[in-house]
Amino acid sequence: MNTRKFTEKDEIDIKKAYDTLIQSISETMSPEEVGYVKKAYDLCHEKFGGSVMDSGRPVVLHALEVAQIAYSELGMKSKTVVSALLHNITRYTDVTFDEIKTLFGDRVALILNDLEKVMGLDMTHIATQSDTFRKLFLSIIEDIRVVMLILAHCLDSCRNKSDIESGVFVLDSNDSQEVIEKKRFGKFFEEVKYIIIPIVHRLGLYKIKQEFEEALMIYENPREFYEIKEKIILSRDMQEKKMEAFLKPIRQGLAENGYDTTIKWRTKSVPSIFAKMKAQDVPFEKVYDLFAVRIIINNSKKSIVDERSDCWKVYAMVTSLYKPNEKRMRDWITVPKSSGYESLHATVEDGTYNVEVQIRTLRMDDNAERGTAAHWLYKASKDKHQTADEWLNQIREIIETPEEEKDANAFDSNLAKKGKADKIFIITPQGDVKQLPVGSTVLDFAFEVHTQVGCHCIGARVNGKMQPIRYELNNGDRVEIQTSKKQVPKADWLNFVSAEKSKGRIKRYLKDQEMKEAELGSSIFHRKLKNWKIEFNDKIFSDLLKKYDCGSGIEFYHKIATDRIDLAEMKTFILSLFEEKEIHQDRVEDDPKKERPVGFDDDVMTIGTNISGMAFKMAKCCNPIQGDDVVGFINVGGAISIHRTNCHNFIAIRKRYPYRVVDVKWQNDTAASRTSFKIMAKDNFGILSDITEVMKQMEINIVDAKMGTKNGLYEGHFVVQISNVGYLEQLMRRLREVRGVIEVQRKNG
């Protein structure tokens, strides 16, 4: 900063800027606030009189222009305008922060103090640590008006680039003018690129963002900037002819539907076109979409729901005229951006070129043009300090987010692949829009809103009139779902839903209910056997499945739970099986094999060497099956128990009785044996039905199952009949592939 006597031109420029500022703020500020600003200017002029920047421009003029930007372009009020006039005053003059507090209050002193701290940050490595710098930048700031003041200061510097402080930079005698520019302004434009532009984008200050982007491109790629700009100017006549032809049927359609609209169009900004040229790897003449059209609905009703509805109706009209690219559809009406920005964006095709169409109401456009976020702080509120704190928290969250969140309401990519005639748009009471296949019913829409809404749906108000769940919806219907806690999905619902999503969720619900009822049936069955003093075994279970025509244990237990099996009749049948067994045993009483516990080594296994005719049984602790590595243990009763080699029980008893261990090996394939395993999974909707569906496809019989949830996880214990270890491993591998399954583990005893 240098000093010199102001010229006559300097004084004229300063007076003109001062008069413009005072005239502007007088339109909205009270006389006391205007006086507050004048007092700040007087101090600024007193302390900076004769001071000029590196460019030779008066510091006072720079301060006035920053204050004007803060007020007219960022929507700030008296304290920020005063801070703009006084920024750098404590840094370059003898004015202290205590004096600022006395003259202008604690808040202005805090803003100026924070600003000085931020200006003093060393941002040398900002390009490689931008996220860290944003957090650091924010951690210093206590009042959000500091951010707005920095934006105003940087914007003025972009408009008066020669004012930018040069700092320390080393020049080489061979440096070109372009290299000199890059060295001189590199630090400033790195801050613009990595700090300022992300902030203005997330605040919804899109006009200001474009100005920053253009200044940045002129710095980084000046040749390309001016080449593209010249091509835009040269092609202006052709652009106007194209857009007039494009807009003619749209204007006619809007008029026929009674819409009072303002339609604006523009060629996209130079930085935007340059980014598309690089992304699409094409020259200017072949850029995918050069144009943007904005349709502003002037006569939309005041209700937000009606505004959204009007926008979607205009969208439907435009897309009936021109084919939309649904992958590029953006719905910022259903859920606005974090900045408050609301608009529908659609890219449509007209012959050989594409046009982006933005649809919004007058209110939405006004917010978008002014930057909703920049004005949020000054909404009607008696407690301004509390509002400032709330605003600071919102901005803090925005700046700390390294990337803008993706639009949660973009169309589903799979649905977007379908043709235009394959879908309809349905409007919720809140004005949100859901996309469904043609032929969808009230029930389809309910499941699209939420699974629980679908499960409890009893009907809906469609365009104000009650309709049943079977009612088929039409494009543009406004639907309000009616629910009841007593309502649950039924099998016949599958007959009148069209969407695969609805069918899948109904089937999952029914399967889950079947599993829950089967678990209850299993508990009833085993409790009854205990009461009847009947020991459960595979033979009884197999005979029961045949008698009651059940393809699996789940089906059998489900029939018990739903009273489709008479328990008294079942008891009689089981007892009859024991009577038949006793009669059979009497007939073979002389058979020397009658005392064999399970089998003999010549049936299934080869046991030891020089040993034959030994009875054996499969150990219940580890349930070995064909193909497992097994070993035998001679029991006190003489029969040999067959264990898996990794069975915990066997490992323990082998240490104590190693001399009772015998080698065994499998003979040929055996009949199905029982084995058990545990499944841990996320407690997702339909997880039970997904697991049992795998077993059903592999034709594996579930003998028993116990299910439950623990700490938010699903835990299932299954006993199945399976022929060999290879098939078991295949089952476990397929179960691990089920969505949500975390672990599948066979029990080792």
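These legends walk through several close-up views of a predicted model.

**View 1. Two aromatic residues meet edge-to-face in helix α15.**
The whole structure holds 15 aromatic pairs, and one of them is made by W312 and Y315. Their ring centres are 5.2 Å apart, and the ring planes make an angle of 75 degrees. What separates W312 and Y315 along the helix? About one helical turn, because the two residues sit three apart in helix α15, which covers residues 304-321. Both W312 and Y315 are buried.

**View 2. W332 and Y341 make another edge-to-face pair.**
Here the ring centres lie 6.1 Å apart. The planes of W332 and Y341 are at 70 degrees, so this pair counts as edge-to-face. Are these two residues buried or exposed? W332 has a relative accessibility of 14%, so it counts as buried. Y341 comes out at 6%, so it counts as buried as well.

**View 3. Five rings gather in one aromatic cluster, and a lysine sits over one of them.**
The cluster is made of F525, F541, Y548, F556 and Y557. Now look for K547: it lies over the face of Y548, 5.4 Å from the ring centre. K547 also lies over the face of F573, this time at 5.1 Å from the ring centre.

**View 4. Helix α11 runs from residue 206 to residue 220.**
This helix has 15 residues. From its first C-alpha to its last, α11 reaches 20 Å, which is close to the expected 21 Å. Which residues of α11 are buried? They are I208, K209, F212, A215, L216, M217 and Y219.

**View 5. A salt bridge links helix α11 to helix α10.**
A search of the whole structure turns up 25 salt bridges. In one of them, the side chains of E220 and K193 meet, with 3.1 Å from N to O. E220 belongs to helix α11 and K193 to helix α10 (residues 177-202), so to speak of distant parts of the chain is fair: the two are 27 residues apart. E220 is partly exposed, with a relative accessible area of 29%. K193 is partly exposed too, at 33% relative accessibility.

**View 6. K268 and E356 form a buried salt bridge.**
The closest N and O atoms of K268 and E356 are 3.2 Å apart. Where do the two partners lie? K268 is in the loop between β3 (261-267) and α14 (270-280), while E356 is in strand β7 (residues 353-361). The pair therefore ties together parts that are 88 residues apart in sequence. K268 and E356 are both buried.

**View 7. K559 and E555 pair up within helix α24.**
In this salt bridge, the closest N and O atoms are 4.0 Å apart. Both residues lie in helix α24 (residues 553-561), four residues apart, or about one turn of the helix. K559 counts as buried because its relative accessibility is 14%, whereas E555 is partly exposed, with a relative accessible area of 29%. Elsewhere, R57, E65 and D156 are joined into one network by salt bridges that share partners.

Conventions. Residues numbered from 1 in each chain as written. Predicted model: local features only at pLDDT ≥ 70, side-chain atom pairs only at ≥ 80, totals over all residues. Heavy atoms only, no water. Phe/Tyr/Trp six-rings, centres within 6.5 Å; stacked < 30°, edge-to-face > 60°. Buried < 20%, exposed > 50% of the residue type's maximum accessible area, 1.4 Å probe, protein only. Lys NZ or Arg CZ within 6 Å of the ring centre and 35° of its normal. Expected span 1.5 Å × (residues − 1).
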